[in-house]
Amino acid sequence: MSSLRQRSTIKASGPSPKSFSETTPPSTSPSGWCHRLKQFGSLVGIGLLLNLMASFIITESFTWGYQNRYTNWHNWVPRTKLVLSDQELAQYDGSDPSLPIYLAINGRVYDVSASPHYYGPYGAYGVFSGKDAARAWGTNCLQTPSHLTYDVRDLSEDQLAAIKGWQDFYDNHHTYYYVGEVVHEPIDPNTPIPEDCRNGVPKPGN
Ligand code: HEM
């Protein structure tokens with residue numbers, strides 16, 4: 001009983017513990033918030049780094065294999081939108097290796113230089129380069145020269161939807177990217193509409 005009394009006396013007379021406010025900066029003070037923010041930032045940074053490393057080890061990509069226009073660095077670089085004529089666009093057909101390869105679909109121009117094996121002069125889809133062949137994108141008549149035109153008169157809803165589908169393909173691609181517009185000469189309404197090719201998508205009802 002006496003020892004208990006003695007211990008409490010020693011405790012009472014010893015150095016008083018530092019109060020909370022003396023040891024830890026109060027969370028509401030600017031330095032307290034700053035400290036917590038730094039800790040949070042470091043944690044997020046380390047987490048991101050680990051995530052990138054794990055993604056690369058497992059999928060060989062930093063985005064867990066997910067690829068679209070947002071993983072295409074070209075789309076994050078601010079650039080002046082090109083406005084080309086058909087003649088200007090024709091230079092970018094892949095025949096000059098010092099120039100990029102462009103193709104256009106219904107006025108929208110895309111850089112497809114990343115795949116010269118597809119879009120270069122000897123590529124399977126080289127016929128689309130340096131021009132707006134919207135019609136062929138809709139009719140699939142890529143071997144028919146008269147379809148390699150931006151003249152989309154008389155196309156069916158399905159064919160127009162197919163053209164839009166290809167635009168979406170290039171708009172959302174992880175490698176190709178939109179660079180601007182091609183401004184066409186208006187189509188003379190008296191010119192004949194290109195005939196369907198044998199292998200083209202048949203018009204509805206045919
Ligand atoms: C007999 C008909 C066709 C065959 C056998 C064929 C075959 C192929 C093959 C094997 C690929 C590569 C797929 C890959 O990336 O692994 C491809 C891609 C492609 N095809 Fe075709 N295709 C045909 C018709 C068409 C037509 C009619 C169009 C356009 C109207 C077209 C447009 C494309 C495009 C844009 C690509 C993507 C090229 C790229 O990734 O940049 N194809 N095709």
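## The hairpin

Let's start at the turn: Ile-105 sits across from Arg-108 of strand 3. (Helices here are DSSP runs of H or I with at least four residues, strands are DSSP runs of E with at least two, and numbering goes from the N terminus.) This is a predicted model, in which local features need pLDDT of at least 70 and side-chain atom pairs count only at pLDDT 80 or more, while totals for chains, interfaces and linings use all residues. Residues are numbered from 1 along each chain as its sequence is written.

One step further from the turn, Ala-104 faces Val-109 in strand 3. Strands 2 and 3 pair in the antiparallel sense over four bridges, where pairing takes at least two DSSP bridges between two strands. They make a hairpin with two residues between them. Asn-106 lies in that loop, and its phi is near 50°, a positive value in a residue other than glycine. Is Asn-106 buried or exposed? It counts as buried, because 20 C-beta neighbours fall inside 10 Å. (Buried means 20 or more other C-beta atoms within 10 Å of a residue's own, exposed means 12 or fewer, and partly exposed is in between, with C-beta atoms placed from the backbone.)

## Adding strand 4

Strand 3 also pairs with strand 4, again in the antiparallel sense over four bridges. Here Tyr-110 stands opposite Tyr-178. Tyr-110 has plenty of company: leaving out neighbours within four places in sequence, it is in contact with Tyr-102, Leu-103, Tyr-170, Tyr-176, Tyr-177, Tyr-178 and Val-179. (Contact means backbone-placed C-beta atoms within 7 Å.)

## The core

Nonpolar side chains tend to be buried together in soluble globular proteins. In this model the largest nonpolar core has 25 residues, and Tyr-102, Leu-103, Ala-104 and Tyr-110 touch the most other members. (A nonpolar core is a set of buried Ala, Val, Leu, Ile, Met, Phe, Trp, Tyr and Cys residues joined through C-beta atoms within 7 Å.) Which elements supply at least two residues each? They are strand 2 (102-105), strand 3 (108-111), helix 6 (134-139) and strand 4 (177-183). Strand 2 gives the most, with four residues.

Strand 2 is also buried on both faces: Tyr-102 and Ala-104 point one way, Leu-103 and Ile-105 the other way, and all are buried.

## Just before strand 2

Pro-100 is in the loop between helix 4 (86-90) and strand 2. It counts as partly exposed because it has 13 C-beta neighbours inside 10 Å. Residues up to four places away aside, Pro-100 touches Tyr-92, Asp-111 and Ser-113. Pro-100 and Asp-111 are 11 residues apart along the chain, yet their C-alpha atoms are separated by 6.9 Å.

## Around the ligand

What surrounds the ligand? The shell is Ser-115, Tyr-118, Tyr-125, Trp-137, Asn-140 and Leu-142, a residue being near a molecule if its C-beta atom, placed from the backbone, lies within 6 Å of it. By type, the shell splits into four nonpolar residues, two polar and no charged. (Ala, Val, Leu, Ile, Met, Phe, Trp, Tyr, Cys and Pro count as nonpolar, Asp, Glu, Lys and Arg as charged, and the others, Gly among them, as polar.)

Asn-140, one of the shell residues, sits in the loop between helix 6 and helix 7 (157-171). Its phi is near 70°, a positive value in a residue other than glycine. Asn-140 is partly exposed because 15 other C-beta atoms lie within 10 Å.

## Helix 3 and the whole chain

Helix 3 (residues 30-59) has 30 residues and runs 42 Å from its first C-alpha to its last, close to the 44 Å expected at 1.5 Å a residue. (The expected span is 1.5 Å times one less than the number of residues.) Helix 3 is hardly covered, with a count of zero buried residues among its 30. Just after it, Glu-60 takes a positive phi of about 60°.

Overall, the chain has seven helices and four strands, in the order α-α-α-β-α-β-β-α-α-α-β. Buried residues make up 21% of its 206 residues. Of the contacts in the chain with a separation of 6 or more, 60% join residues 24 or more positions apart.

Terms used
A nonpolar core is a set of buried Ala, Val, Leu, Ile, Met, Phe, Trp, Tyr and Cys residues joined through C-beta atoms within 7 Å. Two residues are in contact if their C-beta atoms, placed from the backbone, lie within 7 Å.
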